Amino acid sequence: MKKLPFLFLLFCSFLINAQNTLQEKIDASLIDLHQVEDKDENFAGFEQLKKEIGDAQIVMLGEQSHSDATTYETKIKLIKYLHREMDFDILAFESSIYDCNRAWSMIQEGHDVKDAAASGIFGMWSTVEELNPLYQYLEQQVAYKTPLMLAGFDSQISAKLALDYFSKDLTTYLATFEDLPAYPEEIQQLQVFIKKRRTGKKIKQKKAIQSIAFVQKLIEVIKNKQTTELSDFWVQSLKSLAIFISDMNLDTDN
């Protein structure tokens with residue numbers, strides 16, 4: 001009976017030592033970002049950040065919630081540093097691949113940066129006031145040789161730009177292939193799905209299955225006909241759309 005308390009104390013001691021060691025490692029890795037409000041750009045001491053990131057090609061900037069103002073301000077400061085000092089040139093949101101690409105194209109064409117970006121990024125971020133300095137930075141950088149480009153990596157095609165442009169853009173792209181049908185009815189059905197998702201509705205299972213089959217057919221057609229940056233974009237966008245239709249209407253994400 002006396003061994004149990006003794007073993008318990010040893011176990012607690014081990015946990016405390018492990019926690020202390022972990023805390024020491026965390027403390028040694030902390031970097032003072034200084035003030036983050038009011039567009040502060042004091043990057044003194046950020047060299048440690050370069051050392052920690054090293055040769056990494058992707059840096060993930062997380063958040064504990066979608067509504068913490070200080071987190072947005074902090075990430076914007078980090079984004080500026082990563083772009084200016086470490087040559088990271090793509091800012092990828094957890095938002096639609098298609099919508100963010102459309103937004104970036106519009107920005108390059110001279111559209112208002114905030115309007116375009118906010119129409120492509122999911123509302124949980126695009127409507128936050130603290131994101132305004134990021135829009136301003138994107139606008140300042142557009143004319144430079146290496147601007148900070150906007151991109152998305154989510155399969156959900158559900159932002160406002162998809163509602164306004166998806167069917168038109170897809171039809172225009174497919175028209176570049178001389179011997180390819182226009183598929184007006186099938187593309188219109190894809191647009192119906194996008195519209196319904198904007199209002200939280202589903203399409204019938206039969207329509208969903210038909211749309212998925214059509215999208216998969218288009219993917220194979222594009223892959224067999226063309227290998228360019230544009231074709232890669234459409235292949236990935238269509239793959240995402242097929243998954244999205246399946247998850248939302250056939251419950252395949254469960």
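## The end of helix α4

Just after α4, Gly-110 adopts a positive phi of about 105°. The model described here is a predicted one, and the account that follows begins with this helix before turning to the pockets and the overall fold.

At the other end of the helix, Ser-96 caps the N terminus of α4, with a side-chain oxygen placed 3.2 Å from the backbone nitrogen of Tyr-98. The 12 residues of α4 should span 16 Å at 1.5 Å a residue, and because its end C-alpha atoms are 17 Å apart, the modelled helix agrees with that expectation.

## How α4 is covered

Helix α4 is mostly covered, since nine of its 12 residues count as buried, a class that requires under 20% relative accessible area. The buried residues of α4 are Ile-97, Tyr-98, Asp-99, Cys-100, Arg-102, Ala-103, Trp-104, Met-106 and Ile-107, a list that holds the charged residues Asp-99 and Arg-102. The elements that cover these buried residues include both strands, β1 and β2, together with the helices α5 (113-120), α8 and α11.

## Helix α11 and Ser-237

Helix α11, one of the elements that cover α4, has 22 residues and reaches 31 Å from its first C-alpha to its last, which is close to the 32 Å expected at 1.5 Å a residue. Just after α11, Asp-251 takes a positive phi of about 55°.

Ser-237 is found within α11, and it counts as buried because its relative accessibility is 1%, where the cut-off for that class is under 20%. Leaving aside residues up to four places away in sequence, Ser-237 touches Ile-97, Tyr-98 and Ile-157; of these, Ile-97 and Tyr-98 are themselves buried residues of α4.

## The largest pocket

The largest pocket holds about 1,500 Å³ of space. It is lined by 49 residues, of which Ile-90, Leu-91, Ala-92, Phe-93 and Ala-151 are the closest to its centre. Two or more lining residues come from each of α3 (69-86), β1 (90-96), α4 (97-108), β2 (149-154), α8 (160-174) and α11 (229-250).

Helix α4 gives the most to this lining, with seven residues, so that the helix described above as mostly covered is also a contributor to the wall of the largest pocket. Sorted by class, the lining of the largest pocket consists of 28 nonpolar, 11 polar and 10 charged residues.

## The second largest pocket

About 170 Å³ of space lies in the second largest pocket, whose lining is formed by Ser-29, Leu-30, Ile-31, Leu-33, Leu-49, Ile-53, Val-59, Leu-61, Leu-78 and Leu-82. Helices α2 (47-53) and α3 each supply at least two of these residues, and α3 also gives two or more residues to the lining of the largest pocket.

By class, the lining of the second largest pocket has nine nonpolar residues, one polar residue and no charged residues, whereas the lining of the largest pocket has 10 charged residues.

## The overall fold

The protein contains 11 helices and two strands, and, read along the sequence, these elements follow the pattern α-α-α-β-α-α-α-α-β-α-α-α-α. Of its 254 residues, 39% count as buried. Among the contacts with a separation of 6 or more, 75% are between residues 24 or more positions apart.

Note on methods. Residues numbered from 1 in each chain as written. Predicted model: local features only at pLDDT ≥ 70, side-chain atom pairs only at ≥ 80, totals over all residues. Heavy atoms only, no water. 1 Å grid on protein atoms, 1.4 Å probe; cavity = no way out; pocket = protein on both sides within 12 Å on 5 of 7 lines; lining within 4 Å. Points joined across faces, edges and corners; volume = space filled by probe spheres on them. Helix = DSSP H or I, 4+ residues; strand = E, 2+ residues; numbered from the N terminus. Expected span 1.5 Å × (residues − 1). Buried < 20%, exposed > 50% of the residue type's maximum accessible area, 1.4 Å probe, protein only. Contact = heavy atoms within 4.5 Å. Polar contact = N/O pair within 3.5 Å; in protein donor to acceptor, adjacent residues only side chain to side chain.
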